[in-house]
Amino acid sequence: MKPLDRILEAAKAAPRHIVLAEGEDPRVVEAALRAVRAGIATITLVGNRKAVEERLAAAGAATEEIRIGDPATSPLRPRLAAAYHALRRSKGVDEAAAAEAVCTPLVFAAMMVREGEADGTVGGAVATTADTVRAALQTIGRAPGVGLVSSFFLMMLCASHHVKKGAFVFADCGLVVDPDAAGLADIAVTSARSFEALAGKPAKVAMLSFSTAGSAAHERVSKVVEATRLAQDAAPGLVIDGELQFDTAFVEAVSAAKAPQSALNGAANVFVFPNLDAANIGYKIAQRIGGATAIGPILQGLAKPANDLSRGCNADDVFHMIAVTVVQAGANPQEALREG
C-alpha cells in the first residue's frame, strides 16, 4: 500500500472532527468536501457564514455536509472567550481582548480544539506560518513531557526512479532554527513517534551530520553525538544512531563501509537534521531534484493536533493535511515507542 493510501485508510477507519480556520478559501472548501465525502473527517469551516455558504453552494455542497463556525455569531464564542481569558490573563489579556481574539479564525479554531469541540485544526492556506503556529502554541500548548514544539515533512518516495520507496520523515524543516543537543534529542524522539503513527511501522532514526562515527571533530559534530545519547536515554526502545552522513544512513553499502557497527544498516526512515538550514535545504532538494512528494510542515509536540499549510497549497495539499491531522488525533502521544 502506498504511504498516502495508508494514511487515508487509517483516517477513514477512525474519522475525527477537524476544524479548518480558513473556511472562505475555495481550496479549503474543495478539500473539506472531499474529506467529508471520503469519510475521513467531519469538518467545520470557520469564517463569515454568508461567505462560506456561498462557497459551499458554488461547490454544489448539500447544506448538511459541512458545519460552519462563524466567530461573530457562534454560540460557542462566550465560552471560548472566557477560556481564552483564563488561559492568557497572566500575559495581560483582559476580557475585552479575549473576546476580540476569539473572533479571529485561527484563535477560534484553536480554541475549539482546546475546549474539546474539535479534534484538530488546520490553517495556513491564507495566514502566515508565524500566525498559525503562534495561535496553536498560545492556545493548545505543548503535550506533557515534550520539551519543544517542532515540525517535520513527510517525504514520499513513490516514483519509478526511486530505489527506495515509502514514507520518510525529515525534521525539523520548518520551525526550530538551531536546536541545542537537548532540543535535537527531543525532535528525534517526537519525530519517531510521528513516523510510527503515520507510517504504521517502527522508526529508525538517523542523527545527521557532516561526519560519520567520528570521522570529523567539531563542536557541531559533538552536538549531534550528545543529542543521540540524550535521545537514547529518553527512549531506550528507539533504534537510533548518530552522528551519520546522509548516505551512510540511507544506503546499505555505504553504511557497511563507513559505519559497519550501525544499528541502522543504511535503513533509516527518520532523518533528524542538525539545524533548520540543513533540513530546509535538504527537503527542498529531495522534492525538486529527487521528485519526492513533500507533505508539511506538520507540527508535532502539541497537546492536540494543529497543522500549517503553505500559502501556495492546492486542494490536494489541504486534503492530505486533513488526513494527517485525523491520524495524529487518533494517536496516543504518550504511547511508548515500540521496541526496535
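## Close-up views, one legend each

**View 1. M156 meets its opposite number in strand 10.** Look for M156 and T293: T293, in strand 10, is the bridge partner of M156. What you're looking at is a predicted model, where local features need pLDDT of at least 70 and side-chain atom pairs count only at pLDDT 80 or more, while totals for chains, interfaces and linings use all residues. Residues are numbered from 1 along each chain as its sequence is written, and side-chain values use heavy atoms, with hydrogens and water left out. Strand 5 (residues 150–157) and strand 10 run antiparallel and are joined by 6 bridges. (Strands are DSSP runs of E with at least two residues, helices are runs of H or I with at least four, and both are numbered from the N terminus; two strands pair if DSSP finds at least two bridges between them.) Strand 10 is mostly covered, with 7 of its 8 residues buried. (Buried means under 20% relative accessible area, exposed means over 50%, and partly exposed is in between, using a 1.4 Å probe and protein chains only.)

**View 2. Six strands make an open sheet with mixed pairing.** Read across the sheet and the 6 strands come in the order 8-7-9-6-5-10. Strand 8 and strand 10 (293–300) are the edge strands, each pairing on one side only. Neighbouring strands here are turned by 20° against each other on average, ignoring direction. (Axes are lines fitted to C-alpha atoms, for helices over the stretch in contact, and angles run from 0 to 180 degrees between N-to-C directions.) Further in, strand 7 and strand 9 (residues 270–272) run parallel, joined by 3 bridges. Spot M207 there: V272 in strand 9 stands opposite.

**View 3. The other open sheet here has 5 strands, in the order 3-2-1-4-11.** The pairing in this sheet is parallel. Strand 3 and strand 11 (306–308) stand at the edges with a single partner strand each, so one side of each has no neighbour in the sheet. From one strand to the next, the twist averages 25°. Strand 1 and strand 4 (residues 120–123) pair over 3 bridges in the parallel sense, and the partner of I18 in strand 4 is G120.

**View 4. Follow the chain from strand 1 to strand 2 and on to strand 3.** Strand 1 (residues 16–20) runs parallel to strand 2, with 5 bridges joining them. One partnership to find is R16 with A41 in strand 2. To get from strand 1 to strand 2, the chain passes through helix 2 (residues 26–38), making a right-handed β-α-β crossover. (Right-handed means that, with the strands pointing away from the viewer, the path from the first strand over the helix to the second runs clockwise.) Helix 2 lies across strand 1 and strand 2, at about 160° to strand 2. How many residues of strand 2 (residues 41–46) are buried? It's 5 of 6, so to speak a mostly covered strand. Strand 2 also pairs with strand 3 (residues 67–69), parallel again, over 3 bridges, and V46 has G69 as its bridge partner in strand 3. The trip from strand 2 to strand 3 goes through helix 3 (residues 49–58), and this crossover is right-handed too. Helix 3 lies across strand 2 and strand 3, at about 150° to strand 3.

**View 5. Helix 9 has its buried residues on one face.** Helix 9 (residues 219–234) has 16 residues, which at 1.5 Å a residue should span 22 Å, and its end C-alpha atoms are indeed 22 Å apart. (The expected span is 1.5 Å times one less than the number of residues.) Which residues of helix 9 are buried? They are V221, K223, V224, A227, T228 and A231. Down the helix axis, these fall within an arc of 155°, so they line one face. (The arc is that of the directions from the helix axis to the C-beta atoms.) The buried residues pack against helix 8 (181–199), strand 7 (204–208) and strand 8 (239–244). (Contact means heavy atoms within 4.5 Å.) On the face turned away from the buried side, find the exposed E219 and D233.

**View 6. L106 sits in helix 6.** Is L106 buried or exposed? L106 is buried, at 18% relative accessible area. Leaving aside neighbours within four places in sequence, its contacts are A21, G123, A127, D131, T132 and A135.

Notes:
The expected span of a helix is 1.5 Å times one less than its number of residues.
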